[in-house]
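The following exercises concern a predicted model. Each task is followed by a solution in steps.

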Amino acid sequence: MKRRSFFKKMVNAEEDKTGASLNPYSGKWGKGEAMHLLRRTTIGPNIESMNTVISKGLRRSLDLLLEDQSEVAPPINYIFENDPFVPMGSSWVDAPYNDTQDSINYRASSLRAWNAEILLNETLSIREKITLFWHNHFPIDLGTVSDPKYMYDYIRLLRNNGLKNFKSLVYLITTNPAMLRYLNGNQNSKGAPNENFARELLELFTIGKGPIAGPGDYTNYTEGDIKEMAKCLTGWTDLGYYSKTVTTIKSSFNVGRHDTSTKQLSNRFDSVKVSNENENEYKTVINIIFTKPEVAKYICRKLYRYFVYYKISEDVEKNIIEPLASLFIAEKFEIKPVLRTLLNSEHFFDVSNRGNMIKNPIDFSLGLLKQTAFILPSDNNKRTLSLQSIIRSIGGQQMEYFYPPDVSGWKAYYQEPSFYRIWINATTLNARMNYTNTLAGNGITYNTIKYQIDVLKFIGTMKKVKDPNLLIKELGEFFFPFGLTDNQIVDLKTLILPGAPDYEWEEQYEAYLKNPTNVMIKTGLETKVRNLIKAMLTMPENYLS
Amino acid sequence: MNRRNFIKNTGVHLTIPFLINGLDIFAQPESPFISGMDPFDDKILILIQMNGGNDGLNMVIPIDQYAGLMRVRSNIALPESKVLKLRDNLGLHTKMTGLATLFKEEKLGVLQSVGYPNQNRSHFRSTDIWNSASTSNDYINTGWIGRFLDSRYPGFPEKYPSIEYPDPFALTIGSTVSQTCEGASGNFGIAVNDPKNLKALAENDAENFESISYGEELKYLQNSILQTNAYSKLIQKASEKGKNLATYPTNNSLATQLKSIALLISGGLKSKVYIARIGGFDTHANQTIAADNTTGTHAELLSSLSNAIEAFQKDIELLGVANRVIGMTYSEFGRQIQSNNSGGTDHGNAAPLFLFGTCVQNRITGENVQIPNPIPAQAGVSMQIDFRNIYGSILVDWFGVKESEIKQLIFNDFVKLPIIKNCQTATPVKEVLLPMFVELSPNPTWGPININLQSVGGDCHLHLMNGQGQTIKQQKWNGMFAGEQNLQMDLGDLANGIYFVHIRQGLYHKTMQVVLQR
């Protein structure tokens with residue numbers, strides 16, 4: 001059957017079932033479904049993960065993906081010999097600074113490389129995808145809060161709590177030292193209120209802004225609520241920013257800076273009065289916000305846009321978002337049941353929701369390394385340096401971990417009407433192409449260390465490596481949501497077999513297997529395979545997840 | 001020939017970077033179709049977006065309000081003696097020597113208290129409002145430039161680049177396209193970081209998945225790649241052919257962006273709109289260095305802005321293209337009048353903006369901001385000039401759009417402001433936006449207000465706003481007679497406090513404070 005008519009059929013069949021339901025998915029379970037689940041929940045699924053998920057089936061795979069993970073060891077001093085508080089190879093996260101800028105710089109590099117390595121080492125777990133979701137939801141950037149100890153503490157909070165309870169997460173982030181600095185909560189005091197955090201707490205972090213209903217009234221809350229809630233949050237400060245004495249950074253409540261007056265909320269919050277509760281008052285404020293059903297809907301929409309698709313039709317709002325939000329409330333804002341229900345649903349596996357997400361740059365770039373089983377050097381210093389050069393090459397694609405553009409997060413997750421399409425423009429297309437061409441091509445050389453995808457080893461993991469047509473087809477299924485068309489396979493084959501008959505590929509590959517150290521044979525084969533992989537990675541199909 | 005046909009005709013299904021570059025057909029910038037087709041065709045607009053919400057009161061300073069400024073923002077206020085005077089009662093921040101020079105050279109328009117009714121203080125919502133030119137309550141997915149371009153170049157993006165229009169319509173120096181250029185079916189802009197370093201991307205064509213969203217996104221990617229390749233060639237050519245003749249400040253990202261723009265213009269690129277950005281204006285804390293309020297974050301930003309524009313203006317003059325280029329600055333909102341105790345300012349309402357170029361009217365439009373006393377909580381600067389009248393006036397006087405069309409493209413109540421002059425024919429300066437003679441009484445009032453005004457004739461609009469810029473009441477009198485008029489308004493249903501009455505009739509306007517006290 002021609003591919004095109006095959007899809008027409010598939011789509012028509014799906015239209016009959018509507019596909020817009022949260023009922024558990026019970027259809028076909030094969031490579032396509034397994035890879036869809038993995039592409040959306042992990043960064044760069046490799047062949048091993050694919051095979052595990054195919055064999056375990058959907059339910060058991062979700063158990064694995066949502067399982068709690070043990071905490072990763074903290075980042076270490078990998079290079080700087082003159083830090084009196086941190087010997088080489090030890091962690092710096094609870095150590096004061098000395099006088100030099102270098103003692104700060106190495107920690108920032110260490111933090112970023114350590115974090116990238118966690119993403120690269122992640123196996124069958126949703127943890128890194130959901131951590132990035134929260135990083136986008138509660139954004140803080142290393143340019144603004146530049147003390148690496150603060151940013152470590154912040155990302156640790158998100159990573160350790162990202163699958164637990166959303167309300168508890170809001171409690172934690174409200175008094176997190178980095179957030180206190182980022183949104184000026186540490187300057188918010190009695191007599192000098194700073195409304196920055198209170199505004200974003202409502203507008204971006206919990207309930208979202210509704211349509212303007214009247215002067216200063218955003219349906220879900222009012223300007224007055226921002227002001228009053230800012231008063232409720234007064235008195236918190238952080239301790240230890242770039243400190244030469246403080247070991248573990250923390251936040252503290254200073255009762256003298258707290259506004260003890262009774263705060264009057266608007267009718268949007270049932271005209272509730274908040275009387276003084278000192279250091280517990282912030283929890284009361286959050287509890288009040290969470291009584292409103294719009295909170296669950298707002299977060300479910302964001303989760304939907306992150307895991308499924310950016311367009312939320314009326315049908316999706318009614319049949320997916322609303323029931324998901326009801327579940328979120330019934331489960332007292334536990335995150336796992338909501339994710340599980342969404343990822344287990346007919347709707348999630350509907351053909352209309354596959355392959356329609358333009359990968360973000362982190363997924364695209366680090367994902368490639370994971371897909372192709374890229375191996376990092378074991379030496380601490382070399383490994384960190386190699387991770388740094390990878391991080392640098394991702395920056396040009398306009399998404400850097402620890403550098404969300406502003407408090408709204410990355411535009412691709414909220415900007416109507418383009419959403420994910422914002423990742424794509426003349427600059428980023430060039431940056432993506434340069435990245436894949438370099439890694440699949442001649443590699444990056446940095447400080448005499450060379451990083452490159454081992455393409456021969458990679459294609460060796462394919463089942464049908466000796467048949468050029470089947471090999472390319474298999475690669476297509478592995479990299480692309482809907483594989484390759486027959487014409488595309490024919491065109492791509494010219495890169496490994498320019499005009500020659502198919503059996504010549506098998507002969508060349510056999511010759512290499514018999515004699516893997518023969519440079520002539522190996523180089524000849526490798527050059528062709530590099531051209532093939534480079535070409536596939538720059539195809540627009542590879543930008544989709 | 002459009003691109004889709006091109007692909008069909010050449011039978012290219014999948015192409016590889018080193019095998020493909022078949023779009024030479026578009027690379028004919030000297031096409032005879034272009035020159036002299038449309039008198040507005042070579043006009044260029046530069047938009048400078050100041051991200052974060054600019055503290056306009058620290059940029060264009062009402063010298064006659066110094067007592068008020070010291071009362072509400074002494075911790076950040078510039079010393080009066082440091083203000084660069086544009087006229088006796090108004091001046092620029094001390095670091096803006098470049099723009100002060102442009103004003104002396106008659107190349108700078110200052111528009112005071114620009115905003116919109118019902119101010120929204122969210123960064124991204126207010127940015128959307130400015131970029132789309134929607135009202136505060138409407139959500140519009142297209143940008144104001146995008147709608148203008150849609151009306152001129154139907155069939156975008158499918159039919160472009162074409163032989164008549166090979167150039168990108170709009171260009172951002174940076175990483176993301178501008179929402180101002182969002183058209184009904186795609187963004188008219190492309191974004192490039194370094195115009196000298198662009199490469200061809202892999203192109204391919206597959207129509208297999210048209211019926212599912214995967215197909216939609218794939219098609220989007222394919223179109224982006226094709227367009228990027230075609231446009232990249234022209235941009236690269238222009239950057240090789242172009243030059244810069246002025247010296248630009250270093251360590252100034254805006255200057256670097258404007259330098260690239262001047263290079264491309266001089267190289268013959270025919271994009272109509274260029275967008276540059278400068279970020280960091282969200283100064284909630286420590287916007288000045290306490291020991292010296294002439295320094296600090298905000299001062300540095302204003303210095304970068306001013307120096308960059310000055311260098312750019314000099315460059316386009318030396319390059320001989322100055323009469324084709326104007327520029328405009330904007331920011332999503334101004335900040336609150338009263339500073340906070342963190343040495344910063346919180347999200348506010350209206351703010352001044354600049355127009356620059358040899359073809360802009362060199363004048364100050366609008367009255368000085370009045371500092372209310374006492375200052376209402378969270379008060380921002382009240383709007384005097386609706387930003388949509390500026391957009392509309394640029395489209396009419398610069399891009400040749402009919403005034404009647406502006407009602408469709410921008411908004412129904414459009415009034416053209418005399419902010420651009422006709423460089424070619426050097427017509428005498430037209431009427432400015434004039435202060436209106438209005439008296440309010442009683443003030444303070446317990447409810448009723450009598451408004452006595454000298455009508456010039458025509459539709460008269462009245463907005464009553466609170467300190468946060470929200471419109472609380474509005475009224476319109478159609479075809480009011482010229483001469484003295486008495487209008488009444490009742491504030492009896494409102495809470496005690498300070499309100500602002502904004503009255504506008506044609507080119508005349510007035511914003512006044514009224515105190516409600518029972």
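Two strands count as paired if DSSP finds at least two bridges between them.

**Exercise 1. A strand pair in chain B**

Task: Determine how many bridges join strand β3 (residues 84-87) of chain B to strand β4 (residues 90-92) of chain B, and in which sense, parallel or antiparallel, the strands run.

Solution:
1. The bridges between β3(B) and β4(B) number 3. The criterion of at least two bridges is the one to apply.
2. The two strands run antiparallel.
3. As a point of register, L84(B) lies opposite L92(B) of β4(B).
4. The connection from β3(B) to β4(B) is a hairpin, made through 2 residues.

**Exercise 2. A sheet in chain B**

Task: Establish the strand order of the open sheet of 3 strands in chain B, and identify its edge strands.

Solution:
1. In general, strands of a sheet pair through backbone hydrogen bonds, either parallel or antiparallel.
2. In this open sheet the order is β14-β15-β18 of chain B, and the pairing is antiparallel.
3. β14 (438-441) and β18 (483-490) of chain B each pair on one side only; they are the edge strands.
4. On average, neighbouring strands of the sheet are turned by 20° against each other, direction ignored.
5. The pairing of β14(B) with strand β15 (residues 448-455) of chain B is antiparallel and extends over 4 bridges. Within this pair, L440(B) faces its opposite residue I451(B) in β15(B).

**Exercise 3. Two packed helices in chain A**

Task: Describe how helix α20 (residues 468-479) of chain A packs against α21(A).

Solution:
1. Two packed helices are described by the angle between their axes and the distance between the axes.
2. For α20(A) and α21(A), the angle is about 115° and the axes are 10 Å apart.
3. Angles of 65 to 115 degrees count as roughly perpendicular. The helices α20(A) and α21(A) are therefore roughly perpendicular to each other.
4. The crossing of α20(A) past α21(A) is right-handed.
5. From α20(A), P468(A), N469(A), I472(A) and K473(A) meet I489(A), L492(A), K493(A) and I496(A) of α21(A). By class, the residues of this contact comprise 5 nonpolar, 1 polar and 2 charged.

**Exercise 4. The contact between the chains**

Task: State how many residues each chain gives to the contact, and which element of chain A gives the most.

Solution:
1. Chain A contributes 57 residues and chain B contributes 53 residues.
2. Elements of chain A giving two or more residues to the side that touches chain B include α1 (3-17), α18 (426-440) and α21 (486-496).
3. The most comes from α18(A), with 6 residues.
4. On this side of chain A, the residues divide into 24 nonpolar, 18 polar and 15 charged.

Conventions:
Residues numbered from 1 in each chain as written. Chains lettered and ligands numbered in written order. Predicted model: local features only at pLDDT ≥ 70, side-chain atom pairs only at ≥ 80, totals over all residues. Contact = placed C-beta atoms within 7 Å. Nonpolar A, V, L, I, M, F, W, Y, C, P; charged D, E, K, R; others polar. Axes fitted to C-alpha atoms, helices over the stretch in contact; angles between N-to-C directions. Parallel < 35°, antiparallel > 145°, perpendicular 65-115°, else oblique. Left-handed = near helix turned anticlockwise from the far one by under 90°.
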